[in-house]
Amino acid sequence: MTLKEIADVLEAKVLCGQDRLNEEHETAFASDLMSDVLTLGDYNPVILTGLCNMQTIRTCEMGNLDIIVLVRRKKATEEMIEEAEDEGMVVMESDFSMFKACGLLFKGGMQPIF
Amino acid sequence: MHLEYQVFEADFVNAGAASSAIKKTLKQLNVNPQIVKRVVVALYEAEVNAIAHAYGGMIYADIEADRIIVKVVDKGPGIPDIEWAMQEGNSTASPEVRNMGFGAGMGLPNIRKNVDRLDVQSTVGVGTTVEMEVHF
């Protein structure tokens with residue numbers, strides 16, 4: 001799916017990285033636990049998380065993960081958006097639950113990485 | 001090249017700043033991105049540990065032509081049972097640490113998976129030193 005299609009299907013608001021919405025991505029990973037996010041090796045899946053603080057951005061920075069979907073009506077702070085912009089990340093917010101967001105992306109053709 | 005960073009107890013706002021700085025340095029030195037990722041994931045877990053579990057400490061990084069050696073030296077309280085702490089799922093993290101997305105008992109195991117050499121020395125009441133080495 002393109003990032004634009006992902007944003008549309010999740011009815012998500014894109015906070016930064018609007019210039020990357022035509023990128024095509026095949027895999028996603030969902031977790032609220034940042035240590036899990038750090039175990040993904042060389043993959044760069046779309047990250048879905050309900051954890052919404054600076055550690056979300058920092059963890060993704062450390063793991064070379066640069067597409068973040070905040071679910072469950074979580075709202076990013078200005079500081080988070082600034083840091084994400086500096087790192088060239090795409091960050092979006094969806095009001096959907098983690099389960100619904102994952103289900104919609106799976107239905108849309110996104111694959112798990114394991 | 002020798003780099004030093006201080007980390008402070010419960011300073012979650014800046015957790016990751018040292019790891020981020022070392023990441024940028026390694027990238028500037030054109031180290032293979034996959035190696036950079038291994039170093040940074042291990043270092044970030046160790047940095048979060050020093051902030052979340054210890055009374056702060058120091059991070060020392062020595063970058064040589066073929067390797068990086070990082071030492072995270074905290075000021076205590078020390079780990080009573082290192083073997084227990086190295087097992088996935090074992091954690092003494094506070095609710096605050098868990099709210100930050102950590103504290104699932106994966107820190108030290110994650111570090112071990114990403115480095116070529118890991119040495120954890122700890123004395124209760126004194127502190128813990130985590131030394132790790134990654135070859136380029």
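Student: How much area do chain A and chain B bury between them?

Tutor: Let's start with the general idea. Interface size is often expressed as the accessible area lost when the parts come together. In this predicted model, chain A and chain B bury about 1,900 Å² between them, and 51% of that lies on carbon and sulfur atoms.

Student: How many residues does the contact take from each chain?

Tutor: There are 21 residues from chain A and 23 residues from chain B. On the chain A side, look for L38(A), Q55(A) and M62(A): they supply 33% of the area that chain A buries against chain B, more than any other three residues.

Student: Now the sheet in chain A. In what order do its strands lie?

Tutor: Read across the sheet rather than along the sequence. The six strands of this open sheet come in the order β1-β5-β4-β3-β2-β6, with mixed pairing. The edge strands are β1 (13-16) and β6 (111-112), each pairing on one side only. For a parallel pair, look at β3 (residues 46-49) and β4 (residues 67-70) of chain A, which three bridges join. There, T49(A) stands opposite L70(A) of β4(A).

Student: Which strands does helix α3 of chain A touch?

Tutor: Helix α3 (residues 54-62) packs on the sheet, touching β3, β4 and β5 (90-93) of chain A, and its direction makes about 155° with that of β4(A). Helix α4 (residues 78-86) of chain A, in turn, lies across β1, β4 and β5, running at about 65° to β1(A).

Student: On to the pockets. Which element gives the largest share of the lining of the largest pocket?

Tutor: That is α2(B), with six residues. The pocket has a volume of about 580 Å³. Of its 34 lining residues, the closest to the centre are N49(B), H53(B), I79(B), T92(B) and L108(B). By class, the lining divides into 20 nonpolar, eleven polar and three charged residues.

Student: What is the class make-up of the lining of the second largest pocket?

Tutor: Its lining has eleven nonpolar residues, one polar and no charged. The volume of this second largest pocket is about 200 Å³, and its lining includes F29(A), L48(A), Q111(A) and F114(A). The elements β2 (27-30), α5 (98-107) and β6 of chain A each supply at least two residues of that lining.

Student: Finally, which residues line the largest cavity?

Tutor: Among them are V39(B), I68(B), M132(B) and E133(B). About 30 Å³ of space lies in this cavity, and β5(B) gives the largest share of the lining, three residues. The lining holds seven nonpolar residues, no polar and one charged.

Terms used. Residues numbered from 1 in each chain as written. Chains lettered and ligands numbered in written order. Predicted model: local features only at pLDDT ≥ 70, side-chain atom pairs only at ≥ 80, totals over all residues. Heavy atoms only, no water. Pairing = 2+ DSSP bridges. Helix = DSSP H or I, 4+ residues; strand = E, 2+ residues; numbered from the N terminus. Contact = heavy atoms within 4.5 Å. Axes fitted to C-alpha atoms, helices over the stretch in contact; angles between N-to-C directions. 1 Å grid on protein atoms, 1.4 Å probe; cavity = no way out; pocket = protein on both sides within 12 Å on 5 of 7 lines; lining within 4 Å. Points joined across faces, edges and corners; volume = space filled by probe spheres on them. Nonpolar A, V, L, I, M, F, W, Y, C, P; charged D, E, K, R; others polar. Buried area = accessible area lost by both parts, 1.4 Å probe.
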